[in-house]
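Please find below some notes on this model, set out as numbered points. They start from one strand and work outward to the rest of the chain.

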Amino acid sequence: MTDGRPEPAAADRQPPTVRPVRATDAESLHAVHAQCFDARSGEFWRRSDLIAALDQPTMTALVAETPAGVTIGYALARRAADQAEILSLGVAPDNRRSGCARHLLRQMVKRLKRQGVSHVFLEVRETNVAARALYEAAGFRVIGRRRAYYLSHDGTRTDGLTMMVNTSRDLFNGTA
């Protein structure tokens with residue numbers, strides 16, 4: 001118990017169902033996104049922008065849901081040739097620390113690999129300790145820094161770290 005919330009019991013840590021996004025998921029996906037990112041920050045996507053992105057043929061989008069069909073997380077990636085960039089990954093606050101983000105990330109990279117992607121990139125706020133820990137545990141490594149890249153709601157700027165992983169790597173196990 002590090003943030004005042006009890007850790008989920010081992011029996012409650014079953015991975016969520018992860019599946020491709022359907023057109024009917026736009027509302028629930030955006031609702032989770034809005035819980036994850038401040039509307040005044042540079043990471044927030046308006047609903048219309050999210051729907052437009054989902055319609056792009058180069059987009060790979062996954063949702064994570066409970067057995068009851070409630071959307072609790074998502075991952076969005078855009079492919080270009082043999083590379084992809086994870087554009088956004090979020091898990092509803094009440095479902096964090098459950099392994100959902102880890103499961104989404106693993107499934108996204110596996111899917112991208114099947115689509116012919118050899119390297120996956122992402123950018124993360126330098127100050128986002130939880131996300132950085134997830135990506136580093138998965139095997140992503142920092143390959144660059146974008147100074148003052150992210151705009152915070154209070155007007156300050158934070159560096160962004162560019163990270164990359166090779167899809168031949170077994171995420172979270174460290175093997176190729």
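1. The model is a predicted one. In strand S5 (119-125), five of the seven residues are buried, so the strand is largely enclosed by the rest of the structure. S5 runs parallel to S4, and four bridges join the two. At the start of this pairing region, one cross-strand position can be checked by eye: Gln 83 stands opposite His 119 in S5.

2. Strand S2 (59-65) goes further in burial: seven of its seven residues are buried, so S2 too is largely enclosed by the rest of the structure. In a regular strand the side chains alternate between the two faces of the sheet. In S2 both of these faces are covered, with Met 59, Ala 61, Val 63 and Glu 65 buried on one side and Thr 60, Leu 62 and Ala 64 buried on the other. Note that Glu 65 is among the buried residues.

3. S2 has antiparallel partners. With S1 the pairing runs over four bridges, and Thr 17 stands opposite Glu 65 there. With S3 the pairing is also antiparallel, over seven bridges; Ala 75 in S3 is the bridge partner of Leu 62.

4. S2 and S3 form a hairpin with five residues between them. In the turn, Gly 69 has a positive phi of about 85 degrees. Pro 67 also lies in the loop between S2 and S3 and counts as exposed, because its relative accessibility is 91%. Its C-alpha is 7.2 Å from that of Thr 17, although Pro 67 and Thr 17 are 50 residues apart in sequence.

5. Which residues of helix H1 (residues 26-36) are buried? They are Ala 26, Leu 29, His 30, Val 32, His 33 and Cys 36. Seen down the helix axis, these residues fall within an arc of 160 degrees, so they line one face of H1. The buried residues of H1 pack against helix H2 (47-54) and against strands S2, S3 (71-80) and S4 (83-91).

6. Helix H3 (100-114) has 15 residues, which should span 21 Å at 1.5 Å a residue; the end C-alpha atoms are 21 Å apart, so the expected and modelled spans agree. Cys 100, His 103, Leu 104, Leu 105, Met 108, Val 109 and Leu 112 are the buried residues of H3. These pack against strand S1 (17-20), S2, S3, S4, S5 and helix H4 (129-138). After H3 comes Gly 116, with a positive phi near 95 degrees.

7. How many disulfides does the model contain? The count is zero. Cys 36 is in no disulfide, and the nearest cysteine sulfur, that of Cys 100, is 9.6 Å away. A disulfide would need the two sulfur atoms within 2.5 Å. Cys 100 counts as buried, because its relative accessibility is 1%.

8. Two residues other than glycine deserve a look for their backbone angles. Ala 81 has a positive phi, near 55 degrees, and sits in the loop between S3 and S4. Ala 81 counts as exposed, because its relative accessibility is 77%. Arg 97 has a positive phi as well, near 65 degrees; its place is the loop between S4 and H3. Is Arg 97 buried or partly exposed? At 41% relative accessibility, Arg 97 counts as partly exposed.

9. For the chain as a whole, there are four helices and seven strands. Along the sequence they follow the pattern β-α-α-β-β-β-α-β-α-β-β. Of the 176 residues in the chain, 40% are buried. Among contacts with a separation of 6 or more, 58% are between residues 24 or more positions apart. The accessible surface of the chain is about 9,500 Å², and carbon and sulfur atoms account for 50% of that area.

Terms used. Residues numbered from 1 in each chain as written. Predicted model: local features only at pLDDT ≥ 70, side-chain atom pairs only at ≥ 80, totals over all residues. Heavy atoms only, no water. Buried < 20%, exposed > 50% of the residue type's maximum accessible area, 1.4 Å probe, protein only. Arc of directions from axis to C-beta. Contact = heavy atoms within 4.5 Å. Areas by Shrake-Rupley, 256 points an atom, 1.4 Å probe, with all protein chains shown as cover. Expected span 1.5 Å × (residues − 1). Pairing = 2+ DSSP bridges.
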